[in-house]
Amino acid sequence: IVYILLCASPPFHGRSDAEMNAKIKRGEFSFPDKFWAHISDSAKDFITGCLTVDPARRLTAMEALQHDWTTAIGVHATTDLFARHESTLSEAGGGAGGGFRGRLGKLAQERRAAPGRELQALLGLPRDEEELDRFRC
């Protein structure tokens with residue numbers, strides 16, 4: 001998905017479904033300069049780690065969240081994804097007030113109050129924290 005988001009094209013191509021499926025199984029993809037010249041090496045390294053065929057060498061979910069590229073763009077491994085935004089809202093005077101910032105602050109509070117297991121169950125992720133750290137995409 002990240003590959004597609006960054007270049008608007010899928011990583012695996014073929015003249016037929018069989019050819020494309022064979023490339024998927026081999027993990028055969030590239031970063032054509034036409035689409036990737038402006039994309040950082042760190043982003044390419046992240047994608048390569050996620051698309052590695054061998055599960056023992058593929059990035060785990062925790063490794064993906066802690067990769068240099070994801071931390072550089074502001075994605076952090078945290079149990080509260082809204083904490084940073086809520087503190088920014090409070091500093092800006094948004095907090096529980098009205099308007100868009102108030103609604104966003106309320107959403108952050110509701111999200112934090114809701115059990116985090118709903119998304120975990122929806123994505124089929126392991127419930128055990130240690131197993132989740134070893135989980136491979």
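Cysteine 7 sits at 8% relative accessibility, so it counts as buried, the cut-off being under 20%. This residue of the predicted model is also one of the ten that make up the largest nonpolar core. Its partners there are Tyr3, Trp36, Ile39, Ala43, Phe46, Ile47, Leu59, Ala64 and Trp69. Two elements, helix H1 (2-7) and H4, each give two or more residues to this core, and H4 gives the most, with three. Cysteine 50 is another matter: with a relative accessible area of 25%, this cysteine is partly exposed. As for disulfides, the structure holds zero of them.

Stepping back to the whole chain, the secondary structure comes to ten helices and zero strands. Read from the N terminus, the order of elements is simply α-α-α-α-α-α-α-α-α-α. Of the 137 residues in the chain, 23% are buried. The accessible surface adds up to about 9600 Å², and carbon and sulfur atoms hold 57% of it. Among contacts with a separation of 6 or more, 42% are between residues 24 or more positions apart.

Confidence deserves a word before the details. The average pLDDT of the chain is 75, and 54% of the residues score at least 70. Over residues 79-97 pLDDT stays under 50, although the model has 22 contacts beyond four places in sequence for this stretch. Where pLDDT is low, the predicted coordinates should not be read in detail.

Back to H4, then. Its buried residues are Ala43, Lys44, Phe46, Ile47 and Gly49. Of these, Ala43, Phe46 and Ile47 also appear in the largest nonpolar core. The cover over the buried residues of H4 includes H1, helix H3 (33-36), H5 and helix H6 (68-72).

Just past this helix comes threonine 52, in the loop that links helix H4 (41-50) to helix H5 (61-66). Threonine 52 has a relative accessible area of 15% and is therefore buried, since that is under 20%. A polar atom of its side chain lies 2.7 Å from the backbone oxygen of threonine 48. Setting aside neighbours within four places in sequence, threonine 52 makes contact with Arg57 and Arg58. At the far side of the loop, alanine 61 is found in helix H5. Alanine 61 has 22% relative accessibility, so it counts as partly exposed, a class that runs from 20% to 50%. Alanine 61 and cysteine 50 are eleven residues apart along the chain, and their C-alpha atoms are separated by 9.1 Å.

The loop between H1 and H2 is worth a look too, as it holds both alanine 8 and phenylalanine 12. Alanine 8 has a phi near 60°, which is a positive value in a residue other than glycine. Most residues other than glycine have a negative phi. Alanine 8 is also exposed, because its relative accessible area of 70% is over 50%.

Phenylalanine 12, by contrast, is buried, at 13% relative accessibility. Leaving out neighbours within four places in sequence, the contacts of phenylalanine 12 are Met20, Lys23, Ile24, Gly27, Glu28, Phe29 and Leu51. Among them, Met20, Lys23 and Ile24 fall within helix H2 (17-26). Phenylalanine 12 can also be placed relative to serine 30: the two are 18 residues apart in sequence, and their C-alpha atoms are 8.4 Å apart in space.

Key
Residues are numbered from 1 along each chain as its sequence is written. This is a predicted model: local features need pLDDT of at least 70, side-chain atom pairs count only at pLDDT 80 or more; totals for chains, interfaces and linings use all residues. Side-chain values use heavy atoms; hydrogens and water are left out. Helices (H or I, at least four residues) and strands (E, at least two) are DSSP runs, numbered from the N terminus. Buried means under 20% relative accessible area, exposed over 50%, partly exposed in between (1.4 Å probe, protein chains only). A polar contact is a pair of N or O atoms within 3.5 Å; within protein, one must be able to donate a hydrogen and the other to accept it, and residues adjacent in sequence count only if both atoms are side-chain atoms. Contact means heavy atoms within 4.5 Å. A nonpolar core is a set of buried Ala, Val, Leu, Ile, Met, Phe, Trp, Tyr and Cys residues joined through side-chain atoms within 4.5 Å. A disulfide is a pair of cysteine sulfur atoms within 2.5 Å. Accessible areas come from the Shrake-Rupley method with a 1.4 Å probe; for residues, only the protein chains shown count as cover. pLDDT is the predictor's confidence in each residue, from 0 to 100.
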